[in-house]
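Got your viewer open and a hand on the mouse? Load the model below and we'll walk through it one selection at a time.

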Amino acid sequence: AKLAGKNCYRFYSRAMDQAVERRVRMEQDLRGAWERGELSLVYQPVFRMADNRLLGAEALLRWKHPTQGMVAPSIFIEVAEQSGLIETLGPAVLRAACIDATRWHRELGHDELFVAVNVSPRQLRAGNLARQVEDVLRETGMAPRRLHLELTETAVIGDELHISSLLARLRTSGVQVWLDDFGTGFSGLSHLRRVPIDGVKIDRSFVADVLRDPDDLALTTAIIAMAHSLGMTVVAEGVEQEGQFEVLRERGCDLAQGYWLGHPMSSQELARLIG
Ligand code: C2E
Ligand code: CA
Ligand code: CA
Ligand code: CA
């Protein structure tokens, strides 16, 4: 048993070394990936449920590694976040998304479309987000109200004083602030009163279960009602089936996003979609 334990330890330690090594290598590969053109943005359309009208799109980052192919954002965003690379990657994404959106606005005449950009917790803490946003708005001529920043629920809890003043400044510059993955952070809806938020995105884990789990349906319905009473808009993300769409619309959900409605696509493909 002792021997097995020792082997076991050795096994885990080697596995851990390999994981660390993989991580370090990924961090090295990710450094400069934007400049080398390996990273790109795709856009997932967001629709109004009442009339199926396209209202905007969420920008999602893609990495085509030169030898390993596509790397999942859930993996490389985490590496970017932990290594600090996100502090340069984040602003690059923000600028690129605004450039694409101003094309939809100016060249295609759809100046009502919003673009939603994900902002990681580390970007929030870095302390220069408001300045970056103001700079990008000025440089690109992007209409501020058409830029949505998606912050995760958990990133917004914590240093409330800092976050509240940051959100207030962002609001002053005219951009919208949305809470992403809502419902997963157990922060409760009460603190939403204190932070200036335009809307919430119901996490897809709830949406996935609305048809078969009465608790998820009840929770989702409560989130919609509470958000509306606070003057916020509600998006359901991860809508994969017509049935989910129907039940959420019945419960008063405003907007929807998901594979049933549209997969993430290039800016050009989105442009074709809007025609
Ligand atoms: P997220 O912000 O919650 O983005 C939604 C994710 O759900 C995307 O995954 C999207 O492709 C996926 N999705 C959309 N519709 C469906 C559906 O019907 N079913 C299912 N199962 N999934 C659906 P993706 O693109 O792999 O991104 C994963 C996460 O990586 C994002 O989650 C976001 O947290 C992060 N991420 C992506 N791009 C960026 C970025 O530019 N900056 C930052 N900070 N994070 C990003
Ligand atoms: Ca998001
Ligand atoms: Ca989300
Ligand atoms: Ca469930």
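## Stop 1: a calcium ion and its donors

Start by selecting the calcium ion called ligand 3, whose donor residues follow the spacing D-D-x55-E in sequence. Before you zoom in, a word on what you have loaded: this is a predicted model, where local features need pLDDT of at least 70, side-chain atom pairs count only at pLDDT 80 or more, and totals for chains, interfaces and linings use all residues. Residues are numbered from 1 along each chain as its sequence is written, chains are lettered from A and ligands numbered from 1 in the order in which they are written, and side-chain values use heavy atoms, with hydrogens and water left out.

Now show the side chains of Asp180, Asp181 and Glu237. They coordinate the calcium ion (ligand 3) through Asp180 (OD), Asp181 (OD) and, listed twice, Glu237 (OE), at 2.2 to 2.6 Å. Donors here are N, O and S atoms within 2.8 Å of the metal (3.2 Å for Na, K and Ca); water is not among the atoms, so sites may look incomplete.

Why is this pair worth colouring? Asp180 sits in strand β6 (residues 176–182) and Glu237 in the loop between β8 (233–236) and α10 (242–250), so the two tie together parts that are 57 residues apart in sequence. Helices (H or I, at least four residues) and strands (E, at least two) are DSSP runs, numbered from the N terminus.

Are these two buried or exposed? Asp180 is buried, with a relative accessible area of 7%, and Glu237 is buried too, at 8%. Buried means under 20% relative accessible area, exposed over 50%, and partly exposed in between (1.4 Å probe, protein chains only).

## Stop 2: the neighbouring ion

Keep Asp180 on screen and add the calcium ion called ligand 2. The two ions are 3.9 Å apart, and Asp180 coordinates both. For ligand 2, the protein donors are Glu58 (OE), Asn118 (OD1), Glu150 (OE) and Asp180 (OD), 2.2 to 2.3 Å from the ion. Along the chain, their spacing reads E-x59-N-x31-E-x29-D.

Asn118 belongs to strand β4 (residues 114–119) and Asp180 to strand β6, so this pair ties together parts that are 62 residues apart in sequence. Asn118 itself is partly exposed, at 31% relative accessibility.

## Stop 3: ligand 1

Next, select ligand 1, which sits in the largest pocket. Which residues come nearest to ligand 1? Of the 20 around it, they are Gln44, Arg62, Arg204, Glu240 and Tyr259.

Try a few distances. A nitrogen atom of ligand 1 is 3.0 Å from an N or O atom in the side chain of Gln44. Two residues from the calcium stops turn up again: polar side-chain atoms of Asn118 and Asp180 each lie 3.1 Å from an oxygen atom of ligand 1. Taken alone, ligand 1 exposes 800 Å², and the protein buries 84% of that. Accessible areas come from the Shrake-Rupley method with a 1.4 Å probe; for residues, only the protein chains shown count as cover.

Colour β2 (53–65), α2 (73–83) and β6, since each supplies at least two residues of the shell around ligand 1. β2 gives the most, with four residues.

## Stop 4: one more calcium ion

Finally, jump to the calcium ion called ligand 4. Its protein donors are Asp209 (OD), Asp213 (OD) and Asp216 (OD), lying 2.3 to 2.7 Å away. They are spaced D-x3-D-x2-D in sequence. Asp213 is partly exposed, at 24% relative accessible area, whereas Asp216 is buried, at 11%.

Key: A residue is near a molecule or strand if one of its heavy atoms lies within 4 Å of it. A polar contact is a pair of N or O atoms within 3.5 Å; within protein, one must be able to donate a hydrogen and the other to accept it, and residues adjacent in sequence count only if both atoms are side-chain atoms. On a 1 Å grid over the protein atoms alone, a cavity is a set of points where a 1.4 Å probe fits but cannot get out, and a pocket is an open set with protein on both sides within 12 Å along at least five of seven lines; lining residues have an atom within 4 Å of a point. A molecule sits in a cavity or pocket if more than half of its atoms lie within 2 Å of its grid points.
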